[in-house]
Amino acid sequence: MRYRLLFFFIFFILLPVRNTVASNEIHSSRAMEIQAAFLVKFCAYVKWPKSAFSGPDDPIIIGIVGRDPFGSTVDKIARSFKAKGRNVEIRRFSNSASITKSHVLFIPSSEQKNICEISEVLSGGSVLLVSNAPAFLEQSGIINFVMVGKKIRFNISRTNYQKAGLVISSKLLAVAHCIK
Amino acid sequence: MSSSLFRNLSINKKLAIVIIFSCLLVSLMTSALFVGRDIISLRQSMIADLSGLAKVVGINCKAPLEFMDTETAGEVLSSLSARPHILQAVLYSQDNQVFAQYSASSVTSEDAQDFHNHLKNAHSLLLLEESYHFHKDYIDLTVPIGELGKRVGAIVLKADQDEFYAILVWLLYAVCGIFVATLLLAFYFSSILNKVISRPILALAEAMERVRREENYAIRVDITSGDELSVLVEGVNSMLSGIEQRDEQLFVAKQVAENANLAKSQFLAQMSHEIRTPMNGVLGIASLLMHTSLNEKQLKFVRTIHNSGESLLNLINDILDFSKIEAGKLELVLLSFNLRDMTEEIVELLSEHAQEKNVNLACLVELDVPAYVTGDPGRLRQILMNLLGNALKFTSHGEVLLFVSVEKAHNKDVCLRFEIRDSGIGIKKEKQEDIFAAFSQADEYTTRKFGGTGLGLAICRRLVDLMGGEIGVESVEGKGATFWFTTVFSIGSSSGIAIDIQSEIATAQYFDASILVVEDNLTNQIVAEGTLEKMCCKVDLANNGIEAIAAVEKKKYDLIFMDCQMPVMDGYKATENIRKVEKENGTERVPIIALTAHAMKGDRERCFAVGMDDYIAKPVREPQMAQILTKWLSVK
C-alpha cells in the first residue's frame with residue numbers, strides 16, 4: 001500500500017547536473033565558464049527598447065568592465081550565438097570611465113566598489129547589469145549570479161530591470177532562483 | 001478434389017456459395033481498405049498530437065535547459081500529467097545526458113528504467129530529426145529542442161496506445177457487423193436467385209424424372225418466366241410432344257405389324273393343316289397300294305409317290321411346328337420316360353439310313369445319366385432326330401456319334417448334355433451362329449446339294465429354349481461338326497405313366513379283330529380301312545356319332561377308332577353315349593381310341609374325360625396303328 005502510494009505521486013528523478021561546480025566558490029574557473037554561457041544566453045530573453053539599436057542588424061554588445069574573469073571562453077560562446085537575429089559582440093572596458101554604449105554589462109566582483117560610478121556613466125540607459133558580486137541587486141543591479149549549493153543560479157530584480165526600461169521574458173524569470 | 005466437390009453441389013448451393021463468397025470478398029477488401037486507412041490516419045493524428053505536445057513542452061524546456069535549471073524543467077514536464085496517455089517523458093541536455101524526466105503514476109519504476117535503458121542504446125538524440133517509433137504497447141517520439149546546429153536538448157515522450165487499441169477493437173466490431181450483414185444479405189439474395197433460376201430448373205428436372213418413372217410423355221412442364229429457362233422448358237415440352245406423337249405412331253405401326261404377322265402365322269398354320277389332310281390321304285393310299293400286287297415298275301412309281309409324300313409331309317410338319325412356336329402355341333408335356341430306350345430306338349431307326357450311306361452310327365450314354373427322366377419325350381425325340389438326321393445328311397463317310405452326359409445335377413433336377421458328333425463337311429466359323437436362325441443354311445450350294453427348308457435347326461433351338469437349355473455347334477470346316485444342346489429334366493421313375501415311344505419299326509403284325517372306324521372323311525376312311533385290313537382286321541365304317549352308336553348296338557366290336565370332330569354328332573358325345581349304354585346293359589367295355597387332328601394338351605384330357613381309352617394323332621400311320629392294336633388287343 002505504501003509502495004503504491006509512492007507511485008501515486010508524480011515524481012521526477014534529479015540526476016547530477018552539469019552546472020555543479022567542484023567547489024562552492026563562485027570565482028572558480030568552471031563557475032566562470034558557466035556564467036559566461038549564461039551571460040550570452042541572457043540576450044535571447046531580454047527585450048531592449050527600440051532606441052537601444054540603430055538598425056535591425058545591430059549587434060547586441062556585451063561589455064565587461066575591469067579585469068576580465070572569463071578569458072576567451074565568452075568570445076567563443078558569443079561567436080556562435082545569435083539572439084533574435086542579432087550577433088553578440090563582446091567589448092572589454094578597462095575602467096568605468098572608458099565604458100561606451102553597450103546592452104549588457106558584466107561587472108565582476110572586483111569592480112563592485114565602482115558600481116556607483118558605472119551607474120552614473122550609464123545614467124539611466126537601458127543596460128542589463130549583471131554581476132557575481134554579493135548583494136548586487138541592492139546596488140541597482142538586474143541579474144546577480146549566486147551559488148545555490150554547488151550550482152550556479154541567478155537572481156533577478158524586477159524593479160531594477162523595469163526601471164531600466166527592459167523587458168525580461170517570463171521564461172527567464174521562470175528559471176531564476178529568486179526574483180526581488 | 002475440391003473442384004469436383006463443388007461441381008457436384010446443387011445449383012442452389014453453387015449460387016449461394018458464389019454470391020456469399022463474392023459478397024464476403026468485396027466486404028473483406030473494402031473493410032481492409034478502410035480499416036487500413038483508418039489505422040494509418042489514426043496513427044498519423046496520434047503522432048501529430050504527440051509531436052505538438054512535445055514541441056510545446058520542448059519550447060517551455062528550452063530556457064531551463066539553457067540555464068541548467070532542472071527543477072523548472074521537472075515542473076514543466078510534470079505538467080504532462082494533464083495528458084494521461086503520456087506515460088513517460090525524458091528531457092535530454094545538449095551533451096546527451098538525462099536532464100529531467102517524468103513518469104505517470106501508473107508507470108512502475110521497472111518500466112521507467114526499462115525505457116531509460118532503451119533510450120540509452122539509441123543514437124545521439126541531438127543529431128536526430130523529429131522521429132517516432134511504434135512498439136507493441138507504446139509509441140516513443142523524440143523531438144529535438146532548438147534549431148538545427150543550436151540544439152540545446154531533446155525531449156522523448158512515451159505514450160500508451162490504449163486509445164488506438166480501443167478504436168481498433170471498435171473497428172473490429174464494425175467489420176464483424178458488416179460481415180454478418182453481408183452474409184445475411186447474400187443469403188437473402190441467393191434465395192431470391194434460387195426462386196428465379198434454380199426452382200424452374202429443379203421443377204424441370206422433377207418433371208423429367210416423373211416422365212422417366214411413369215413413362216408418361218403427356219406430362220408438360222409449366223413455363224413461369226420469359227427468359228432462357230423458358231426457352232429450355234419449351235424445348236423440353238416440344239421434345240416430349242414429339243416423343244408422344246412418335247410413340248403413338250410406333251404403337252399403331254407395331255399393332256399393324258403384329259396383326260399382319262399373326263395373320264401370316266395363322267394362314268401358314270391353316271394352310272399347312274389343310275395341306276396335311278390330303279397329304280395323309282396320298283401317303284396312306286400309296287402305302288396301301290405298295291402292298292397290292294404290282295409289277296416292279298409300278299412298285300417303283302408308288303414308292304416314289306410315297307417318298308415324295310413323306311418329304312412333303314416332313315416339310316409341312318416343320319412349318320407347322322415353327323409357326324406354332326412363333327405363335328407361342330406350342331406347349332411341352334411332362335412325362336416320365338426311359339431316356340436310354342429312347343436314344344437306342346432313335347439310333348436303331350436311323351441305322352438303316354446310315355448303313356445305306358456307309359456311315360457308322362453309334363450311341364453312347366454315360367453311366368451316371370439317369371434311365372428315367374421327366375420331360376417332353378416327343379420334342380426331345382424331334383430334336384435328336386433332327387440333329388442326327390442333319391449329321392447323317394452331311395456325312396458321306398466316317399461316323400456319327402450320339403453322346404449323352406450329365407452337365408450338372410441339382411437335387412431332383414438334372415441337366416443333360418447331348419452331343420452329336422459327325423465327320424462330315426463341317427461349318428464355316430462365321431456361319432456357325434447363323435445356322436440356328438430360321439430359313440438359314442450354311443450356304444446356297446449346301447441347300448441345292450442337300451435340300452431342306454432350313455427350319456430344322458431353328459425349331460431345335462426354340463424347342464431347347466422352351467426346355468430351358470442351350471444349343472450350339474463347334475466345328476472346323478471340312479473336319480466334321482459337333483452339335484450340342486443341354487436340357488433340364490427332373491429325374492423320373494419307372495413307376496410313373498411311362499409313355500412308350502412311338503416306334504416306326506413295326507414288324508408286320510396280324511390281328512384277327514373286328515374294328516369300327518368312325519370317321520367322316522372319305523380318304524381317311526379308305527386309309528384306315530386299308531391299313532387295318534392289311535393287318536387282317538375286319539373293318540366297319542361309320543360316318544358320324546349317330547351311325548357309330550347304331551353300329552355298336554348292332555354288333556360287338558373289339559376296338560373302336562373314334563374321330564373327335566365330325567358332323568351330326570362328334571366323337572366325344574358318341575363315346576359318352578356308348579359308355580352309357582355299356583353301363584346300362586352291363587356289357588363289356590370296348591376300347592375306344594380317339595383320332596385327333598392335332599394333339600393338343602386339352603384334347604387329350606377331354607378324350608379321357610368322356611371315357612376314351614387312348615388317343616392317336618392323325619394322320620394315322622401303319623406303325624402307330626399296329627402299336628395301338630398290340631397294346632389294346634393283347635390286353636384283351
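**Group meeting: a walk through chains A and B**

Okay, let's start in chain B, where strand 9, residues 398–410, and strand 10, residues 413–422, run antiparallel and are joined by ten bridges. Before I go on, please keep in mind that this is a predicted model. One pair you can look up in that ladder is A409(B), whose bridge partner in strand 10 is V414(B). The hairpin these two strands make has two residues between the strands, and N411(B) there takes a positive phi near 50 degrees.

Strand 10 of chain B has another partner too: with strand 12, residues 481–491, it pairs in the antiparallel sense over nine bridges. If you want a spot to look at, E419(B) stands opposite W484(B) of strand 12. And a quick reminder for anyone new to this: strands of a sheet pair through backbone hydrogen bonds, either parallel or antiparallel.

Let me zoom out for a moment. How many helices and strands does chain B have? It has 16 helices and 17 strands. Of its 636 residues, 29% count as buried. And if you take contacts in chain B between residues at least 6 apart in sequence, 66% of them join residues at least 24 apart.

Now, further along chain B, there's an open sheet of five strands, with parallel pairing and the order 14-13-15-16-17. Which strands stand at the edges? Those are strand 14, 538–542, and strand 17, 614–617; each has a single partner strand, so one side of each is left without a neighbour in the sheet. From one strand to the next, the twist averages 20 degrees.

Within this sheet, strand 13, residues 514–518, runs parallel to strand 15, residues 559–563, and four bridges join the two. Find V517(B) and you'll see F561(B) of strand 15 opposite.

Two helices to look for here. Helix 12 of chain B, residues 522–534, lies across strands 13, 14 and 15, and runs at about 165 degrees to strand 14. Helix 14 of chain B, residues 571–585, lies across strand 13, strand 15 and strand 16, the last being 592–596, at about 150 degrees to strand 15.

On to helix pairs, still in chain B. Helix 8, residues 339–357, packs with helix 9, residues 377–393, at an angle of about 25 degrees, and their axes are 11 Å apart. That angle makes helix 8 of chain B roughly parallel to helix 9 of chain B. The crossing is right-handed. Helix 8 of chain B brings M342(B), I346(B), L350(B), H353(B), A354(B) and K357(B) to the contact, and helix 9 of chain B brings P377(B), R381(B), L384(B), M385(B), L388(B) and L392(B). Sort those residues by class and you get nine nonpolar, one polar and two charged. As background, an α-helix has 3.6 residues a turn, so residues three or four places apart point the same way.

The other pair is helix 7, residues 296–326, and helix 11, residues 456–466, of chain B: their axes come within 10 Å and cross at roughly 40 degrees. So helix 7 of chain B is oblique to helix 11 of chain B. This crossing is left-handed. Here D318(B), D321(B), F322(B) and I325(B) in helix 7 meet G456(B), A458(B), I459(B) and R462(B) in helix 11. By class, that contact has four nonpolar, one polar and three charged residues.

What about F187(B)? It's found in helix 5 of chain B, residues 162–214. F187(B) is partly exposed, with 14 other C-beta atoms within 10 Å. Along the sequence F187(B) and I20(B) are 167 residues apart, yet in space they're 7.0 Å apart, C-alpha to C-alpha.

Next, helix 3 of chain B, residues 70–78, whose buried residues are T70(B), T72(B), A73(B), G74(B), V76(B) and L77(B). They pack against helix 2, strand 1 and strand 2 of chain B, together with helix 6, 170–175, of chain A.

That takes us over to chain A. Eight strands form an open sheet there, in the order 3-4-2-5-6-7-8-10, with mixed pairing. At the edges are strand 3, 82–83, and strand 10, 178–179, of chain A; each has a single partner strand, so one side of each has no neighbour in the sheet. In chain A, strand 6, residues 128–131, and strand 7, residues 143–148, run parallel and are joined by two bridges. V130(A) has I143(A) of strand 7 as bridge partner. Finally, helix 2 of chain A, residues 29–42, lies across several strands, including strands 2, 4 and 5, and runs at about 40 degrees to strand 8 of chain A.

Definitions and conventions. Residues are numbered from 1 along each chain as its sequence is written. Chains are lettered from A and ligands numbered from 1 in the order in which they are written. This is a predicted model: local features need pLDDT of at least 70, side-chain atom pairs count only at pLDDT 80 or more; totals for chains, interfaces and linings use all residues. Two strands pair if DSSP finds at least two bridges between them. Axes are lines fitted to C-alpha atoms, for helices over the stretch in contact, and angles run from 0 to 180 degrees between N-to-C directions. Two residues are in contact if their C-beta atoms, placed from the backbone, lie within 7 Å. Angles under 35 degrees count as roughly parallel, over 145 as roughly antiparallel, 65 to 115 as roughly perpendicular and the rest as oblique. A crossing is left-handed if the near helix is turned anticlockwise from the far one by less than a right angle, and right-handed if clockwise. Ala, Val, Leu, Ile, Met, Phe, Trp, Tyr, Cys and Pro count as nonpolar, Asp, Glu, Lys and Arg as charged, and the others, Gly among them, as polar. A residue is buried if 20 or more other C-beta atoms lie within 10 Å of its own, exposed if 12 or fewer, and partly exposed in between; C-beta atoms are placed from the backbone.
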